[in-house]
Amino acid sequence: MKKINIIQKSILALALIFSAASCEDYLDVNDSPNGAEVDNLTPDLVLAGAMHRPSIEYLTNMNQLGNTMIATWTGNTQAFQAPFSDEFNYNLTTDFYDNVWDRMYIRTSNLTHIINFENGVNYDYHKAVAKILKSFYFQNLVDIYGDIPYTEIHQRGENLFPAYNSAPNVYNMLINQIDEAIALIDNTNTSTVKPLGSGDIMLNGDMNHWKKFGNTVKLRLLVRKAAWAQQTGGQALTDFNTQMASLNQPGVEFLSTGDDIRINAGYQNEIDKQSPFFGNYGYQTNGNPTTGQRQVGPTQFLVEFLDGTTTGESDPRLNRLFEPRAGQVGIIGLNQGTAGAPAQLGDALISSFDQDGIIMTAAESYFLQAEAAHLGFLTGVGTAETLFKNGITASFNLLGAPMGTYLTTSDDNDLIGWNSTTDKLELIINQKWLALNSINGLETWIEYNRTGYPANMPFPQQSPSGPRPVRLLYPTSEYTGNSANVSGFGQTVQSAFDDNIFWDVN
C-alpha cells in the first residue's frame, strides 16, 4: 500500500508540474525562459498533465454551466444572497464563463505538443490518446461556441492571431483525427512503441479501451450532425454516410458496461490536489463544506422527474444523487431563483477527496447507440430498445442505485419507458439527462439545444418567459487579443439566444 501511495503522489506531481509547460493564458504569447526545455519535453513526461489539466475545467466549470443552463441545479438562498445570479438572469456577456474558452485552449496545448512531437522514438500510443482527447474537448467547444480557431491554434509566438474554422469543418477534422488515432493504435510497430505506463491516469494503458472511447466520441459527433447532414445534402451527406459506415465495420466497439471513462491523478486531501469535483462541490481539506457544497442543489423539475410526481415512477437514483440538508425532511427541489434551501449533493456524487473524475459514461454511450440504431444509422449493436435499457442500467450501476423493478415497471410510463410513446428520441434524451445530470452537465445542455428535451422545462424565476441561451459568446480575450478574426461575426448579446449551433436545424 505504501508503494502504491508513493506512485500516486508521483503521478499527481507530474500532472501538476508538466501541465504548467504553458502559461495560463489562451494565446500563450509569453514564452517562458525555459521554452526550449518545454519544447523538448517528451510525450511520456507530458501525458499525465495533458490529461489532468483540461479535465479540471470539464468536471467543474463546464459541468456547472450545463447544469445551470437547464433546470438541473439551483442555488441555496439561505446560504447566499443571490446564488447563480448571472446564470438565472441569463446575463450572457463576453465575460460570462469566459474561462471555459481561455482555459480549454491553453490546457489542451499539451495534447497538440504530444501530437506534433518527433524525436525518433515511437510514441504512437501517446499521439493516439492525445488525438482522441483533443477531439473530445474540441467538440465541446464547437457545441457551445460554433465556429472556432482550430487549424492555427497552439503555435505559440508563431501565430498570435489564429483564424476561425467553420463548425462543420472542425467536426470533420475531429472525426478524421479519431480515425488517425485508431489507425495509430492498430498499425504501430508493437515491438518499438513506447507504452503509456503510469502516465495514463485515465485508462491505465489499455489501448482497446482507448479505441472504444475514440469510437464513442466519433459516434457522438456523427449523431449530433446527422440531421444537419441530411438537411444539407450533397457532400455533407456523402461524408456523413461514409463516416457512419466506418462505425458499422466488424470489430468496432463502443463504451459498454464497466467502461466509464474516469480520471485520477492520485488525488490527495491537500489544497488544490483533491479530486476536482469533490474539491469544488464537496468538502475542504479541513472537513468544512465548500462554497459549491453549500450553494448547489437540485431543481424542483428534476426532483419531481425522479420522485414520480411527473412520471408516476419513483426512481431510486434520486436518493443517491441528493440528500436532505441538516434539518430537512425529504429531498427538496426548488425552481431556479426561488428562495429557500434545496437538498444537497448526495453520496454518489460526493464520496471522497480521491474519487475518480467522470469524463464519459457507459450510459451516455448506450444512449448514443440507441439513438443511432433507432434512426437506422448503426447496425449490429443490438436493438434500440435493448441499448436504451442498457443505458438506464449503466446509470444505476454508476450511481450505486438499486435497480429493483424499475426497468419493467417504468416500461409503460410516459416520458421514461420504451413502450410509453412513439417519440423514442424524447425517451432517450430524457433518460440521458437523468443519467448525466450533475455528472456531465454540459452534455445535457447541448443535447437540450439539439433536441428540445426534456420538454416543458421551466425557466428561472428571474427569466420567466425565456428564451433560453443556445450558446456562449466569444470571450473578451478574443476581442482584445484576436479582434481582427472574431469581430467579423458581429456578435451581440442577442446572439447567445438566436445564433444556433450548426446542428440545431429545428
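**Exercise 1. Find out how many cavities of 30 Å³ or more the whole structure holds, and describe the second largest.**

Step 1. A search of this predicted model turns up 2 cavities of 30 Å³ or more.

Step 2. Take the second largest cavity, whose volume is about 30 Å³.

Step 3. Now look at its walls: Ile429, Lys432, Trp433, Thr444, Glu447, Tyr448, Tyr453 and Pro454 line this cavity.

Step 4. Sort the lining by class, and you get 5 nonpolar, 1 polar and 2 charged residues.

Step 5. Which helices each supply at least two residues of this lining? They are H18 (424–436) and H19 (441–451).

**Exercise 2. Describe helix H3, from its span to its surroundings.**

Step 1. Start with the ends: H3 runs over residues 43–69, which is 27 residues.

Step 2. From first C-alpha to last, H3 reaches 37 Å, close to the 39 Å expected at 1.5 Å a residue.

Step 3. Follow the axis along, and you will meet a kink of about 30 degrees centred on Met62.

Step 4. Is H3 largely enclosed or largely open? Of its 27 residues, 25 are buried, so the rest of the structure largely encloses H3.

**Exercise 3. Work out whether the radius of gyration of the protein agrees or disagrees with that of a compact globule.**

Step 1. Count the parts: the protein has 22 helices and 8 strands.

Step 2. For 506 residues, a compact globule would have a radius of gyration near 23 Å.

Step 3. The protein has 22 Å, which agrees with that value.

Step 4. Round off the picture with the box filled by the C-alpha atoms, roughly 60 × 55 × 55 Å along the principal axes.

Step 5. Finally, buried residues, those under 20% relative accessible area, make up 58% of the 506.

Definitions and conventions:
Residues are numbered from 1 along each chain as its sequence is written. This is a predicted model: local features need pLDDT of at least 70, side-chain atom pairs count only at pLDDT 80 or more; totals for chains, interfaces and linings use all residues. Side-chain values use heavy atoms; hydrogens and water are left out. On a 1 Å grid over the protein atoms alone, a cavity is a set of points where a 1.4 Å probe fits but cannot get out, and a pocket is an open set with protein on both sides within 12 Å along at least five of seven lines; lining residues have an atom within 4 Å of a point. Grid points are joined across faces, edges and corners, and a volume is the space filled by probe spheres set on the points. Helices (H or I, at least four residues) and strands (E, at least two) are DSSP runs, numbered from the N terminus. Ala, Val, Leu, Ile, Met, Phe, Trp, Tyr, Cys and Pro count as nonpolar, Asp, Glu, Lys and Arg as charged, and the others, Gly among them, as polar. The expected span of a helix is 1.5 Å times one less than its number of residues. The bend at a residue is the angle between axes fitted to the seven residues ending there and the seven starting there. Buried means under 20% relative accessible area, exposed over 50%, partly exposed in between (1.4 Å probe, protein chains only). The radius of gyration is taken over C-alpha atoms; the globule rule is 2.2 Å times the number of residues to the power 0.38.
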